[in-house]
Amino acid sequence: MSGLRPYAARWFELLVPREVLTDTLQHLAKTRSVELEAHSTTSAPLDLPDLHSGLQEYSRLATKYGHFWPQPQASGREVPQDPEIVLEQALATLQRWEKSAEPLIVELQKRAQEKSDLELIADFLGVPAQLPDLDAFAGAGPTLAATLFLVPEAAVLAHAPPSVLLQRVTTATRNYLLAVGPTEQIAELRRSMEALRAREILLPQWLPAKRPETTRAVKARVDACHQESAKLLGELQQINDSTGLAAALRDIELLEWLVRNVPSLPLTEHFAWITGWTSDPDATTLEARLDDAGIPHLLRLPDEMPDVAVPTVLRNPVWIRPFELFARMLGTPSAAEVDPSRIVAFAAPLMFGYMFGDVGQGLVLLLAGLMLRKRVPTLGLLVPGGAMSIVFGFVFGSVFSREDIIPALWLHPLDQPVPVLVVTLVFGAALLTLGLLFDALQYWWRGMAPKWLGSRAGLLVCYIGLVAAPFAPAALWAMLAGAIWFIAGGALTANRHRLAALGTHAAELLESLMQLLVNTISFVRVGAFALAHAGLAAAVVGVSEAASGIGYLLLMIIGNAIVIALEGLVVGIQTTRLVLFEFFVRFLRGEGRLFRPLPPPPNSSDSAIPRKTP
């Protein structure tokens with residue numbers, strides 16, 4: 001029972017020295033049990049320091065030099081934890097690094113550009129066609145100029161200057177344009193080529209006259225550029241280490257996390273006041289974390305809370321949590337509402353598997369869920385869905401659409417469609433009855449059990465009598481008793497105008513019973529889709545058997561792939577619809593607010609602490 005009821009997060013107030021604010025927030029985030037919310041009754045609070053201007057300077061440096069920076073890394077050294085001081089010292093480190101590293105970076109960029117140009121020249125020289133000697137082009141001037149362009153594949157030069165000679169050269173992967181002409185017309189050509197996003201390749205003055213010599217010289221210079229770049233990178237690494245760049249980047253990374261995730265906090269000259277919500281009911285996890293970190297603090301959980309929406313913490317084991325998605329589609333259950341995730345974790349895969357009963361196709365879905373759930377967490381729901389498809393595949397005796405490979409443990413749907421439909425009707429009635437019981441449970445949690453017993457209990461009795469009547473006609477008496485209970489109880493519990501309340505509750509009973517009846521019949525579609533799946537499988541087998549040999553195999557593969565893709569989507573939608581609009585509508589209002597823990601800082605090595613429940 002306790003697992004069905006969410007619990008309200010506790011309000012906490014934490015006082016720490018200002019100089020350990022950043023460190024404290026990191027430790028709180030790593031517990032995954034804190035959601036910050038600014039609220040304070042302290043006099044003259046100060047907002048969190050404005051770090052944006054300093055972070056803008058960091059952004060400028062990152063744009064210019066970030067490609068050459070190492071990964072941020074904590075140094076383990078003692079540093080002041082006041083955010084302003086941390087940022088000031090980190091920026092000073094970056095500026096010292098910039099002054100020492102910029103000459104090396106300029107040289108590295110030159111070597112990278114030269115190496116890239118030389119590799120393109122080597123590719124150009126690899127063309128077997130007759131080419132002029134490049135040394136003549138490199139030494140052209142001042143009246144004549146010559147240049148080489150790397151041209152995008154789709155680029156078309158509409159108009160070339162009249163006195164410029166052009167030679168197009170195509171290699172296996174690139175297009176080049178060799179140009180020679182008057183200097184001013186080559187300048188005009190450069191502008192046209194820039195518009196086409198062509199790249200000009202610098203031809204070095206030292207190129208030898210003959211092609212074999214040129215090829216060898218270019219290769220030697222490429223190797224030399226590589227060695228010079230490696231030496232420069234080694235010198236740059238020494239500067240990184242001597243300035244403590246990685247630690248400074250880590251400090252700034254934490255401050256960016258602070259600005260992005262932490263609201264304004266009341267600060268005084270010496271203290272910081274951290275407030276918010278915690279999923280740790282008695283704060284033992286928070287206390288232990290702060291004590292282990294050696295952070296002096298005062299922590300309290302006041303009974304009085306601010307007049308704001310209280311977050312709700314769901315209490316489900318890890319394997320149930322993916323199914324919390326269904327409830328969140330309608331909203332978050334409040335602390336006085338049932339969290340249906342545990343029921344959905346069984347009901348949704350059962351319905352999915354019943355509609356998609358096939359051992360082979362279910363195995364494909366299961367494997368797809370296992371492979372894709374890290375990229376798209378929602379697709380992890382294919383794992384239990386595929387597993388239940390395998391189970392019902394054995395029940396219905398179906399393997400990749402064939403019903404002659406294994407015997408059915410129960411029946412083949414197309415052979416006996418009526419039992420297939422009746423089972424889903426009974427399942428739907430049971431699930432809706434559970435929804436009505438959840439409604440009663442919520443009345444009890446709110447301290448309104450007498451109100452439910454006085455009237456709404458009659459609706460449950462009436463519905464049970466209605467669905468049981470086809471199997472036991474005597475259940476009609478229970479239906480009648482429930483109707484009288486609902487109408488008379490509603491009138492008796494009305495504060496005034498009891499005669500009018502009789503008519504109101506009679507109309508409400510009729511409407512509720514009609515809705516429940518429609519909801520119940522809606523579950524027949526689970527059986528209908530099971531029959532449709534069996535029919536489509538029979539069609540796939542029939543079409544495939546009309547061919548022979550490799551044609552049969554190809555048609556079976558294509559047919560099963562279509563069934564998996566098309567019916568997998570449709571069955572998933574139908575399962576979601578039945579859960580949301582037939583089951584949840586009986587009790588779930590979604591009046592809560594989801595607890596959203598403060599995310600841990602980037603590159604955090606601490607694992608998240610499991611969700612704790614009272």
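Here is a short back-and-forth about a predicted model, going over its ring pairs, surface patch and empty spaces.

User: What makes Phe 438 and Phe 583 a tilted pair?

Analyst: Start with the count, which comes to 18 aromatic pairs in this model. In the pair you ask about, the ring centres of Phe 438 and Phe 583 are 6.3 Å apart and the planes sit at 50°. The centres have to lie within 6.5 Å, and a tilted pair is neither under 30 degrees nor over 60, so this one is tilted.

User: Which parts of the chain does that pair tie together?

Analyst: Phe 438 belongs to helix 13 (residues 417–445) and Phe 583 to helix 18, so the contact ties together parts 145 residues apart in sequence.

User: How do you know whether Phe 438 and Phe 583 are buried or exposed?

Analyst: Buried means under 20% relative accessible area. Phe 438 comes out at 5%, so buried is the word for it. Phe 583 has 1%, so it is buried as well.

User: Why is the pair of Phe 438 and Phe 587 called edge-to-face?

Analyst: Look at the angle: the planes of Phe 438 and Phe 587 are at 80°, with centres 5.2 Å apart. Anything over 60 counts as edge-to-face, and the centres are within 6.5 Å, so the name fits. Phe 587 lies in the loop between helix 18 and strand 11 (593–594) while Phe 438 is in helix 13, so this pair ties together parts 149 residues apart in sequence. Phe 587 has a relative accessibility of 1%, which makes it buried.

User: Which residues do ring pairs link into a cluster?

Analyst: Tyr 58, Tyr 65, Trp 69 and Trp 97 are joined that way.

User: Why is Leu 363 called partly exposed?

Analyst: Its relative accessible area is 41%. Buried would need under 20% and exposed over 50%, so Leu 363 falls in between and is partly exposed. Leu 363 is part of helix 11 (residues 359–372). From Ala 220 it is 143 residues away in sequence, and the two C-alpha atoms are 57 Å apart in space.

User: What makes up the nonpolar patch on the surface?

Analyst: The members are Ile 550, Leu 553, Leu 554, Ile 557, Ile 558, Ile 562 and Leu 566, with about 690 Å² of accessible area together. Nonpolar side chains are joined within 5 Å, and each residue needs over 30% relative accessible area, so being listed as a patch means these residues met that rule. Leu 566 sits in helix 18 (residues 550–583).

User: How many cavities are there, and what lines the largest?

Analyst: The count is 2 cavities of 30 Å³ or more. The largest holds about 80 Å³ of space, so it clears that cut-off. Its lining has 13 residues, with Gly 357, Pro 413, Ala 530, His 533 and Ala 534 nearest the centre. Helix 10 (341–355) and helix 17 (524–546) each supply at least two, and helix 17 gives the most, with 4 residues.

User: Which helix gives the most to the lining of the second largest pocket?

Analyst: That's helix 18, with 8 residues. Helix 9 (324–330), helix 10 and helix 12 (382–396) also supply at least two each. The pocket's volume is about 440 Å³. Its lining has 21 residues, and nearest its centre are Phe 352, Leu 381, Leu 382, Gly 568 and Gly 572.

Terms used: Residues numbered from 1 in each chain as written. Predicted model: local features only at pLDDT ≥ 70, side-chain atom pairs only at ≥ 80, totals over all residues. Heavy atoms only, no water. Patch = residues over 30% accessible without salt bridge, like charges linked within 9 Å, V, L, I, M, F, W, Y side chains within 5 Å. Areas by Shrake-Rupley, 256 points an atom, 1.4 Å probe, with all protein chains shown as cover. Salt bridge = Lys/Arg side-chain N within 4 Å of Asp/Glu carboxyl O. Phe/Tyr/Trp six-rings, centres within 6.5 Å; stacked < 30°, edge-to-face > 60°. Buried < 20%, exposed > 50% of the residue type's maximum accessible area, 1.4 Å probe, protein only. 1 Å grid on protein atoms, 1.4 Å probe; cavity = no way out; pocket = protein on both sides within 12 Å on 5 of 7 lines; lining within 4 Å. Points joined across faces, edges and corners; volume = space filled by probe spheres on them.
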